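Visitor: I should like to go through the assignments in this model one by one and hear the reasoning behind each. Where shall we begin?

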Amino acid sequence: MSHQLGRVVSEILHQYFGEIVQKVGHDLFIYGTKPIPMIVKTTGLPRKQVVDSLRTLVKFDLVSFEPSFNEVVADYKLNPDNVLLLIRYPRYLLQIKTKFGSEAEILVEELLQQASCTASFLLVTVAAKYKDDKKKNITLVKLRDVFISIATARYIQQAPVADKSEVPSLEPVATIVPDIDIRQLAQAIATDTLADVSDNIYWKVNFDRFHQDFRDDIMVKAITRRIDENAGELMHLLLQNMYLTSAEWAAESNPTPVLDLRDAVDRADRTDCDRNLLQQYMDHYLRVLEENGAGFVVRVGEAGGGQYVVRGRDAATQLLLAALDHTVTERLGSKAARIFRLIRTKKYIEEDDIQKHAMLPNKECKELTYKLLEEHFISIQPMRKAASSGAMAKAVYLYHIKLHDVAQSLREMCYRALHNTLRRAQHTRAAHARLLDKQRRVRTIVHTMRVRGEPQQHIDDVEETLTPPELSTLKDVEARLKQLSAAQLALDKNLFILNWYFMYPH
Amino acid sequence: MSSSKNDDPISEKILNVAKKNPKGISDKDILAAVPELSAAELVSAINKLLQEGLFDLYNQGGSLIYRLKGQTSKQAVKGADNEEKVVYNLIEDAGNKGIWIRDIRLRSNIANTQLTKVLKNLESKKVIKAVKCVNASKKKVYMLYNLEPDRSISGGAWYQDQDFESEFVDILNRQCLRFLQQRADKIKNNPKGPVVGRTQSFASAVEVQKYITDLGISNVKLEVEDVITILNTLVYDGKAESSVLPDGTKVYRAIESLIPPPGLVQVPCGVCPLILKCCSTGLITPQECKYMDDWLEN
């Protein structure tokens with residue numbers, strides 16, 4: 001919970017929910033937990049606005065509440081980690097689209113926007129929305145099938161249920177894949193009301209399931225880069241097996257016997273790898289994966305033809321180190337990165353030895369070492385000799401890396417960068433607010449004119465109210481905003497690795 | 001040595017025995033080799049040889065041992081006084097590691113001023129030379145003129161007159177990486193399986209050394225150890241990994257980073273020197289940031 005995190009969270013809330021919610025959110029971030037009257041007092045907002053903001057925040061699970069000392073009053077608390085997930089939404093959509101197709105994407109998008117809703121409401125809304133869209137050809141039956149399959153795959157889950165106390169606490173419930181009556185829903189669409197449908201099971205998106213996918217993806221890609229596609233596929237299968245036997249985020253999975261893997265390889269039907277090669281040389285691949293796969297996988301026993309363990313914690317550490325290496329390289333140059341890695345390999349090292357091993361000129365080496373120290377990538381440990389040994393005794397300075405601390409400062413840096421991109425995007429949007437607004441208005445008018453079937457000439461007239469210079473500025477602004485949001489996604493990926501590393505206690 | 005050869009048969013015989021036993025000979029050995037020698041003759045012969053400076057005299061376990069001196073030492077000491085001889089011997093013993101002037105003074109017990117004179121004298125005769133040490137630039141060590149300084153003194157192939165040649169190291173670093181990269185792809189989808197592929201993608205230091213020598217970019221002869229040092233820098237660069245084969249040879253393989261450049265370095269903030277001074281208001285703000293302007297321009 002750092003100052004930088006607070007800035008990012010505040011900026012995100014402003015972008016997605018506007019100024020008032022930002023104020024409430026920021027207030028909660030600074031003071032921790034507090035009840036409504038206190039928020040009203042410190043923010044100076046009318047009570048109604050505060051309540052509305054809190055309602056929104058609670059709905060999206062950005063704020064949690066619990067009974068305070070006086071049991072009829074609730075204390076509210078911001079969940080900054082969940083706020084950061086808001087910028088990850090496009091990735092969730094992309095992931096679900098690649099796995100389950102565009103219907104799933106539409107469903108998840110709607111669900112993300114609603115935060116939580118009943119299955120029937122979700123299906124009816126989506127079906128109604130795309131009723132006229134002949135191109136997509138979305139039917140209620142198809143939607144229902146997709147809904148059931150993503151629920152089975154746990155990408156969506158049942159929302160926690162509130163108990164009956166004065167300040168309710170939310171109890172998580174086991175997800176049961178529902179049985180949806182299509183006829184009832186069709187009727188609901190025809191009559192345009194959901195009053196007849198009695199459905200009180202609420203659903204929400206299971207972010208954790210998506211995060212597991214992201215993690216698997218990172219690990220498989222890393223192995224593919226290190227060895228080849230087949231090894232990547234093997235890593236994928238190992239992870240799949242891990243889900244069957246261990247907790248999803250276990251630091252070390254339970255051992256997977258080779259025989260099970262062999263079955264999995266025989267069943268696998270991925271196209272991007274050479275299956276025959278993998279089948280033929282699976283043992284070899286496992287050996288290479290263990291010895292050259294950055295420690296993601298280790299062999300632990302001989303039972304069942306050998307047993308392998310996936311080491312999530314080690315993988316996270318390795319990936320963090322790779323990210324750190326990149327950062328040091330870009331910030332201070334490849335020579336500094338060499339020193340950084342050297343210190344890491346030797347654990348504790350003296351200044352003279354750094355120069356000897358890094359093969360750098362004395363002066364340059366010292367300069368880079370001090371720069372690394374200045375930017376907190378490395379730390380120093382003085383070793384003073386006992387005073388009795390006289391004036392000849394010089395203190396020895398040992399350089400080393402405190403990985404946890406470095407990871408923290410890297411995360412701070414990511415927060416800063418993320419804040420800056422968000423801020424810049426907001427600034428750009430504000431600077432061109434008039435133009436963007438005009439463009440939006442023209443588009444709406446043109447759309448309604450098209451629907452009404454007015455002559456093309458009139459439509460052209462309206463479109464021409466946007467002059468060529470305005471159009472070119474708009475194009476420029478759009479390109480910038482796009483670049484900024486791409487950067488935000490990339491930063492989010494960076495933060496994902498860092499948070500994964502922090503997930504395990506160190 | 002030719003001068004002693006034509007002297008007399010006794011000295012010659014003694015010399016021959018001494019040559020066969022480089023560790024030194026005792027009176028008994030001489031008597032065994034030259035049985036016709038009387039004690040008086042032996043004494044006079046030995047004395048003569050000692051005078052000529054051909055032998056060193058040692059006391060080993062109560063008996064005297066004569067040891068033949070090296071050829072060069074005999075030449076060098078010619079026409080030198082006693083101090084010079086002592087200093088010379090000390091320097092000679094130090095070998096190619098050299099000896100520091102302070103150590104000479106302590107061991108020889110010669111006064112400082114005289115010692116400098118002696119050293120200067122020997123230096124001008126080109127019998128010894130002074131070599132600067134790379135580790136401590138002020139420290140001078142002395143060694144025989146014809147010796148090649150040790151690595152610890154000269155710094156090996158990486159130093160030219162005490163200066164570290166970083167460009168040379170950079171070039172070698174790049175060439176080694178290129179060599180390893182040429183092989184690295186063999187592990188990918190190798191039809192003979194990944195273990196064979198991995199073995200093919202490995203390169204030992206000897207192979208790399210041969211490649212570098214064949215390239216002819218270095219006019220200094222590079223030893224295998226030098227190449228290993230360079231290869232280790234590649235490992236520290238994160239561009240290679242090392243591994244040990246079952247027979248104990250160290251092998252290297254070019255690798256790629258586990259992840260592509262992360263998001264932080266794709267934005268200007270990741271490399272910005274002012275990131276810690278960047279605030280919401282003030283002189284440095286993301287809204288007014290020049291770096292971000294440039295980045296968004298293209």
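**Assignments and their grounds**

Guide: Let us begin with chain A, where buried residues make up 48% of the 506 residues. The model is a predicted one. The secondary structure of chain A comes to 23 helices and 13 strands, and its C-alpha trace spans about 90 × 65 × 60 Å along the principal axes.

Visitor: Why is Lys347(A) called exposed?

Guide: Its relative accessible area is 58%. The term exposed requires a value over 50%, so Lys347(A) qualifies.

Visitor: What makes Asp61(A) partly exposed?

Guide: The relative accessible area of Asp61(A) is 34%. Buried means under 20% and exposed means over 50%; the value for Asp61(A) lies in between, and therefore the residue is partly exposed.

Visitor: Where is Asp61(A) found, and what is notable about its phi?

Guide: Asp61(A) is in the loop between helix H4 (47-59) and strand S1 (63-67) of chain A. Its phi is near 65°, a positive value in a residue other than glycine. Most residues other than glycine have a negative phi.

Visitor: Where is Lys347(A) placed?

Guide: Lys347(A) is in the loop between H17 and strand S11 (349-350) of chain A. Just after H17(A), this residue takes a positive phi of about 65°, although it is not a glycine.

Visitor: How do you know that the length of H17(A) agrees with its number of residues?

Guide: The expected span is 1.5 Å times one less than the number of residues. For the 13 residues of H17(A) this should give 18 Å, and the end C-alpha atoms are 18 Å apart, so the two agree.

Visitor: Which residues of H17(A) are buried?

Guide: They are Lys335(A), Ala336(A), Ala337(A), Arg338(A), Ile339(A), Phe340(A), Leu342(A) and Ile343(A).

Visitor: Why is the pair Glu297(B) and Arg480(A) called a salt bridge?

Guide: The closest N and O atoms of the pair are 2.6 Å apart. The rule asks for a Lys or Arg side-chain nitrogen within 4 Å of a carboxyl oxygen of Asp or Glu, so Glu297(B) and Arg480(A) satisfy it. Across the interface of chain A and chain B the rule finds 6 salt bridges.

Visitor: How many residues take part in the contact, and what area is buried?

Guide: Chain A gives 60 residues and chain B gives 59 residues. The area buried between the chains is about 5,400 Å², with carbon and sulfur atoms giving 58%.

Key: Residues numbered from 1 in each chain as written. Chains lettered and ligands numbered in written order. Predicted model: local features only at pLDDT ≥ 70, side-chain atom pairs only at ≥ 80, totals over all residues. Heavy atoms only, no water. Contact = heavy atoms within 4.5 Å. Buried area = accessible area lost by both parts, 1.4 Å probe. Helix = DSSP H or I, 4+ residues; strand = E, 2+ residues; numbered from the N terminus. Buried < 20%, exposed > 50% of the residue type's maximum accessible area, 1.4 Å probe, protein only.
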